Amino acid sequence: MRIIGPDELVFGVDDPAACHEFLTDFGLAAGDGGRYEALDGTCVTIRERGDTSLPPPLRTASLLRQTIWGVEDQASLDAIEAELSKDRDVTRLADGTLTCQDPCGFEIAFRITRRRKLDLPAEMINSPGARPGRAPNVIGANEDAEARPRTLSHIVYFTPDMEAMSRFYIERLGFVVTDRFTNTGPFLRPRANLDHHVLFMIQTPEYMQGLEHLAFHMQGPTELMLAGSRMVRKGYESFWGPGRHKFGSNWFWYFNSPLATHFEYDADMDLHDDTWTARETAMNAEASQMFLFENVEKWSPGGPPSKG
């Protein structure tokens with residue numbers, strides 16, 4: 001089954017105006033129907049909590065209503081329908097999208113991906129002993145540069161039944177374990193994506209079930225730091241970061257949001273194929289990041305802290 005990754009996350013929210021402000025400040029482009037898009041068209045969609053067109057909510061405080069997975073082709077969609085129809089109700093909508101629930105009651109859907117192919121430059125660096133990434137006189141530090149999320153990277157579920165969820169996504173949908181935190185959960189990538197993970201799950205009590213965070217890939221670490229610094233200056237609360245994870249190697253910076261979940265900028269994630277051997281370690285602060293920074297006001301020797 002050629003699943004690529006999350007195409008769209010749908011929320012039922014209490015304050016659409018606050019969510020609009022956050023999502024556009026985060027760098028997503030507002031579109032029709034409450035959609036907020038990354039550069040490739042992957043998106044977050046918001047509607048008011050009481051909107052009757054939304055799938056039913058979880059029995060917790062989570063505002064997530066549906067995770068829509070993008071697949072590579074019609075054959076993959078048909079294979080998913082045949083497999084999941086064996087033991088649960090699967091509905092095919094008029095546009096071909098399949099909807100159902102996973103073992104813990106998360107509303108999920110599958111469709112042929114709507115993401116657009118990107119052809120954009122990577123972050124370029126100059127490193128001694130290597131061919132220059134930037135030509136002479138090309139500046140690497142541009143405080144006015146645009147910093148836009150490129151694609152919806154991954155999601156993290158809080159789930160009360162890790163074993164059932166793991167079996168479902170691995171055995172039924174073909175996800176591959178890349179790494180694992182013992183007694184916490186696996187990092188999973190689907191067959192049509194080499195990213196270290198598009199799904200991670202954390203074992204929690206039932207009352208905590210929901211979406212712990214979602215992440216968008218940025219061009220690179222510099223763009224991540226620029227975007228995160230802009231969020232801080234706009235008054236948003238940093239939750240974790242900036243830093244760099246060990247499993248996945250991705251740089252990260254998480255922010256609190258009015259969507260009752262954390263939003264992460266990430267950059268430079270590892271890629272893995274079927275020759276990779278999964279690692280496992282206990283979940284602790286040492287294992288979860290290689291290093292962690294603290295964001296502070298700008299400073300200059302001999303001068304007062306900068307407010308800009």
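Colleague: How many bridges join strand 9 to strand 13?

Modeller: In this predicted model, strand 9 covers residues 151-159 and runs antiparallel to strand 13. Within the pairing, Phe-158 stands opposite Gly-210 of strand 13. The number of bridges joining strand 9 and strand 13 is seven.

Colleague: Which residue of strand 16 is the bridge partner of Leu-214?

Modeller: Strand 13 also pairs with strand 16 (residues 262-267), here in the parallel sense and over five bridges. The partner of Leu-214 in strand 16 is Phe-263.

Colleague: Is strand 13 largely enclosed, and how many of its residues are buried?

Modeller: In the order of the open sheet, 17-10-11-12-9-13-16-15-14-18, strand 13 stands between strands 9 and 16. Strand 13 (residues 210-217) is largely enclosed by the rest of the structure, because the number of its eight residues that are buried is eight.

Colleague: Which strands stand at the edges of the sheet?

Modeller: The sheet is open, with ten strands and mixed pairing. An edge strand has a single partner strand, so one side of it is left without a neighbour in the sheet. The strands in this position are strand 17 (279-282) and strand 18 (291-292).

Colleague: What angle does the direction of helix 3 make with that of strand 12?

Modeller: Helix 3 (residues 162-172) packs on the sheet, where it touches strands 9, 10, 11 and 12. Its direction and that of strand 12 (199-203) make an angle of about 165°.

Colleague: At what angle to strand 15 does helix 4 run?

Modeller: Strand 15 (residues 251-255) is joined to strand 16 by five bridges, antiparallel. Helix 4 (residues 221-233) lies across strands 14, 15 and 16. Its angle to strand 15 is about 15°.

Key. Residues numbered from 1 in each chain as written. Predicted model: local features only at pLDDT ≥ 70, side-chain atom pairs only at ≥ 80, totals over all residues. Heavy atoms only, no water. Buried < 20%, exposed > 50% of the residue type's maximum accessible area, 1.4 Å probe, protein only. Helix = DSSP H or I, 4+ residues; strand = E, 2+ residues; numbered from the N terminus. Pairing = 2+ DSSP bridges. Contact = heavy atoms within 4.5 Å. Axes fitted to C-alpha atoms, helices over the stretch in contact; angles between N-to-C directions.
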